[in-house]
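Grab a viewer and a cup of coffee: here are some short exercises to work through by hand. Try each one before you read its solution.

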Amino acid sequence: MELLYQQWKALQAAGESITVWQNIFVKFYQAFIEADRWKQYLGGVGSTLYVTAMALVIGVMLGMVAVIRTAHDQQRPGHRNAVLGVVNWVCKLYTTVIRGTPMMVQLLVMGMVIFSSSRNSAVVGALTLGINSGAYVAEIVRSGLMSVDPGQMEAGRSLGMSYFDTMRLVVIPQAIKNILPALGNEFITLLKDTSLISVIGGKELVYAAQGIITRTYESMFPLLGCAAIYLALVLIFSWLQGKLERRLRQSDRH
């Protein structure tokens, strides 16, 4: 394979005509095989998954503000808690601002303004993605909590359980089954959004492809390879999500 590549590359450099398939092979070899460039893609996948995992943890933690917003919305008339009202306003402001501004702008603000002196672009990118995802997770979780029959909360409280114990032991386990598909889609979106952190120097999959493009002066195969890897990752996680959903449905029947 390497011998064919060297022969056809020499013909191409000499201005000799080569077939379309020979030209495609030369470009493919340059993009993936020459100088073990496939390792750069592999390293990019590792960084992508690392950033996704960090952002997911941050997003889920911030998404728990949904419990606060739900507690505020479920207060009985005439029994409003002023402190809870202020905290709810802050949480609502957070979700409104984050969901109302583009991810790219948030990354640029975090990477070039707030953390301009940081050299760890991957962590800055993961933090930004996590903050962005948290706003969406909060709304997903809140809708799931509100979809649970209010009688479940009343039953838990009538047994002497506190509000948060009832949420943790009764309401949230039921809500998880309702919100799992939406949470899975948010995770997949988060995985794909990691491609944006290359704008602040994050060394993930797109960054690896861009580095290869600058060396080969050919963009088609590196970008196609990048897209194919993202598609494969999404298909794998979609399959895992579907399997988990089927298992939950089976547990409901039993």
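The exercises below deal with a predicted model, one spot at a time.

**Exercise 1.** Work out whether Ile197 is buried or exposed, and find which residues it touches beyond four places in sequence.

*Solution.* Start with the address: Ile197 sits in the loop between helix H9 (163-193) and helix H10 (205-216). Next, check the accessibility. Ile197 comes out at 0%, and buried means under 20%, so this residue counts as buried. Now list the contacts, skipping anything up to four places away in sequence: Val51, Leu107, Gly125, Leu129, Gly202 and Glu204. Finally, try a C-alpha distance: Ile197 and Leu108 are 89 residues apart along the chain, yet their C-alpha atoms are separated by 9.0 Å.

**Exercise 2.** Place Leu49 in its element, classify its accessibility and list its contacts, leaving out neighbours within four places in sequence.

*Solution.* Leu49 belongs to helix H3, which spans 38-63. Its relative accessibility is 33%; partly exposed runs between the 20% and 50% cut-offs, so that's the label for Leu49. With the sequence neighbours set aside, the contacts of Leu49 are Leu191, Leu233 and Phe237. For a C-alpha check, go to Glu204: it lies 155 residues from Leu49 in sequence and 8.8 Å from it in space. Glu204 also turned up in Exercise 1, as one of the residues touched by Ile197.

**Exercise 3.** Look at the backbone of Ala35 and Asp36: what is the phi of each, and how accessible are they?

*Solution.* First, the background: most residues other than glycine have a negative phi. Now read off the angles. Ala35 has a positive phi of about 55°, and Asp36 has one of about 50°; neither residue is a glycine. Then locate them: Ala35 is in the loop between helix H2 (20-33) and helix H3 (38-63), and Asp36 is in the loop between H2 and H3 too. Last, accessibility. Ala35 reaches 66%, which is over 50%, so call it exposed. Asp36 stands at 39% and therefore counts as partly exposed.

**Exercise 4.** Find which residues gather with Arg247 in a patch of positive charge, then classify the accessibility of Arg247.

*Solution.* Go to helix H11 (residues 220-253), where Arg247 is found. The surface patch consists of Lys243, Arg246, Arg247 and Arg249. For the accessibility step, Arg247 has a relative accessible area of 55%; the cut-off for exposed is over 50%, so Arg247 is exposed.

Key. Residues numbered from 1 in each chain as written. Predicted model: local features only at pLDDT ≥ 70, side-chain atom pairs only at ≥ 80, totals over all residues. Heavy atoms only, no water. Patch = residues over 30% accessible without salt bridge, like charges linked within 9 Å, V, L, I, M, F, W, Y side chains within 5 Å. Areas by Shrake-Rupley, 256 points an atom, 1.4 Å probe, with all protein chains shown as cover. Salt bridge = Lys/Arg side-chain N within 4 Å of Asp/Glu carboxyl O. Lys, Arg positive; Asp, Glu negative; His and termini not counted. Charge placed at Lys NZ, Arg CZ, Asp CG, Glu CD. Helix = DSSP H or I, 4+ residues; strand = E, 2+ residues; numbered from the N terminus. Buried < 20%, exposed > 50% of the residue type's maximum accessible area, 1.4 Å probe, protein only. Contact = heavy atoms within 4.5 Å.
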